[in-house]
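Visitor: I'd like to take a close look at one residue and its surroundings, and then see how that spot sits in the whole protein. Could you walk me through it?

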Amino acid sequence: MITHTSTSLLFIRLSIILLQYAPLIESSLLVLAWSNRHTLPHSNLFISILAVLLSTEIAFAVLIYRPHKSRLLRLAEHPPPLSRTDRKVLFAKCIANIPAWERYLQLWFLGADLSEIKRENVRDFLLWAFFDRDCTGLVSKEDEEEIQGYLRQVEGLLGRSIPPGRGAATPLRLTIDGIPIRYRSVIWYGIVGIVDLGTHAVLRSHGFVYHRPEPTVGKVHVFPPAAVSHTIHQLAGKPRVSPSSTLGYWYRPHRSKTHLPVVFLHGIGVGLFPYTDFLSALSHSGDEQIGILALELLPISARLTAPPLSRPDFLTELTAILAAHSPEWDRFVLVSHSYGSVLTTHILRSDELAPRVHAVVMVDPVSVLLHLPDVAYNFTRRRPTTANEWQLWYFASMDVGVAGVLGRYFFWRENIIWREELVNIGGKAGGKRKAAACLSGKDLIVDTRTVARYLATEGDFADVPDKDVFDVGRFQDFVGPAGVEILWFPEMDHAQVFENRNESSRVVELVRRYCQVRP
């Protein structure tokens, strides 16, 4: 994540302008060059370059970008509704873990004045959050009674009645609202292609082998295509094909007799490039080699590609990949970053995969206390002001692929993880697993102090005194009574731990310790 300086702010704003308005800039320069072609040195060459750039830009915008943008108009296909009993349990768990009710309401209503958040507004929000519905359809008598019961509970916790009627406030309903995006030039996707090539080169030099999904004949799965990288693999030897038709991954064989291998799930960004040093350091433990299986999640990697896999399909594909590398991967340590913690939730709720997860390490997790508004608001609706906020806004939040994933395929109740799910294996296996969260004190997405407070205690927020227990020294390496270990990085922003070698080494040592099964 970019730093907070005036130079960084100027750089990121200028980059956004150049990439967002590239067609207009190229057109203007072409007209200007043509008008001054008799006086401009090398005018013909300059005009030809601009004409090729503009033609490429137009072809990309019409043939590739526009069809992907049109997918955002589709309605989300929500998961099957919860039973009334399960919904009440979920609601009770959520409201027991809200540290500040006034702030909770205001952020879910996009910073609206509390006087504008009235009973019908809150009802609209509850319909989306717990019933996966908007406010336009008919509601059964039983559901209406349930909603009114929830409203009374909210009023009890607020310590006041919610004014009747409807105010000017609008709730954030991620999977129902329109999806804001910003155009980015084909030049940006060219840069992404170069980064992908660099990722392949670096990981190959560290001994990783890429397993690509089997392409469908006649279809371009992803833009920018990875044709150059795949060609390099073909020249280097027989290309490896993934057992999954949609998930590619990088693989380093497991050769340790004292440690378990690692499955790694990356976050939103440009794929695995920011993690290459971390993965390389992680795979070495003395003279032994810890196996690494790092999934490539293209829908959140600045690519134009197919929609993300549904939860059941993702679990099926991952199970097939692990089966191809058994028996070494019958047990593993699950490590995830940011959005990868969402997929961690899916794995830990899988009857088949959860018992195989020996330990879990989440870095900058977004899935803990996901019912709170911070992640949704900060990632999708906050107006940027600082350099890092502008970077997040344009290169992640407003990306057409990422925005589509979050706006039409991100279902919070499927993705939220609770403290006990991290440490309890559940099912027939039962028992406990090691679990850790690595939290950044200056995270611009997650309210990490609230997350740390939750993970560091056993009770719900209503049962735990509201005091500041987040002393830097205490959270250098702290295991709470619930069994979750916390690594606290007070000066780090979201994802910066991977950019700092000293801080990253702490995560590496933590994961290695969790991997160790025999001295």
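Guide: Happy to: we'll start with one arginine, then turn to some backbone features and end with the whole chain. Please keep in mind that this is a predicted model.

Let's begin at Arg-413, which you will find in helix 16, a helix covering residues 412–415. Is Arg-413 buried or exposed? Its relative accessible area is 12%, and because the cut-off for buried is under 20%, Arg-413 counts as buried. What does the side chain of Arg-413 meet there? It makes a polar contact with the side chain of Asp-132, at 2.7 Å. Leaving aside residues up to four places away in sequence, Arg-413 touches Asp-132, Arg-349, Leu-82 and Leu-90, along with the prolines Pro-79, Pro-80 and Pro-81.

Two other prolines deserve a look for their backbone. Most peptide bonds are trans. The bond joining Phe-223 and Pro-224, however, is cis, with omega about 0°. Pro-224 sits in the loop that runs between strand 2 (222–223) and helix 9 (227–236). Ser-326 and Pro-327 are also joined by a cis peptide bond, here with omega about 5°. For Pro-327, the place to look is the loop between helix 11 (311–324) and strand 10 (332–337).

On the far side of strand 10 comes another loop, leading to helix 12 (340–348), and Ser-338 lies in it. Most residues other than glycine have a negative phi. Ser-338 has a positive one, near 55°. Ser-338 is buried, with a relative accessible area of 8%. Leu-110 has a positive phi too, near 60°, and belongs to the loop between helix 5 (101–108) and helix 6 (119–131). With a relative accessible area of 37%, Leu-110 is partly exposed.

Now step back to the whole protein, which holds 19 helices and 14 strands. A compact globule of 519 residues would have a radius of gyration near 24 Å, and the protein agrees with its 24 Å. The C-alpha trace spans about 75 × 65 × 45 Å along the principal axes, and 54% of the residues count as buried. Among contacts with a separation of 6 or more, 80% come from residues 24 or more positions apart. As for the outside, the protein exposes about 23300 Å², with carbon and sulfur atoms supplying 58% of that area. Its charged side chains number 55 positive and 52 negative, and the centres of these two sets lie 3 Å apart.

Definitions and conventions: Residues are numbered from 1 along each chain as its sequence is written. This is a predicted model: local features need pLDDT of at least 70, side-chain atom pairs count only at pLDDT 80 or more; totals for chains, interfaces and linings use all residues. Side-chain values use heavy atoms; hydrogens and water are left out. Helices (H or I, at least four residues) and strands (E, at least two) are DSSP runs, numbered from the N terminus. The radius of gyration is taken over C-alpha atoms; the globule rule is 2.2 Å times the number of residues to the power 0.38. Buried means under 20% relative accessible area, exposed over 50%, partly exposed in between (1.4 Å probe, protein chains only). Contact means heavy atoms within 4.5 Å. Accessible areas come from the Shrake-Rupley method with a 1.4 Å probe; for residues, only the protein chains shown count as cover. Lys and Arg count as positive and Asp and Glu as negative; His and the chain ends are not counted. The place of a charge is taken as NZ of Lys, CZ of Arg, CG of Asp or CD of Glu. A polar contact is a pair of N or O atoms within 3.5 Å; within protein, one must be able to donate a hydrogen and the other to accept it, and residues adjacent in sequence count only if both atoms are side-chain atoms.
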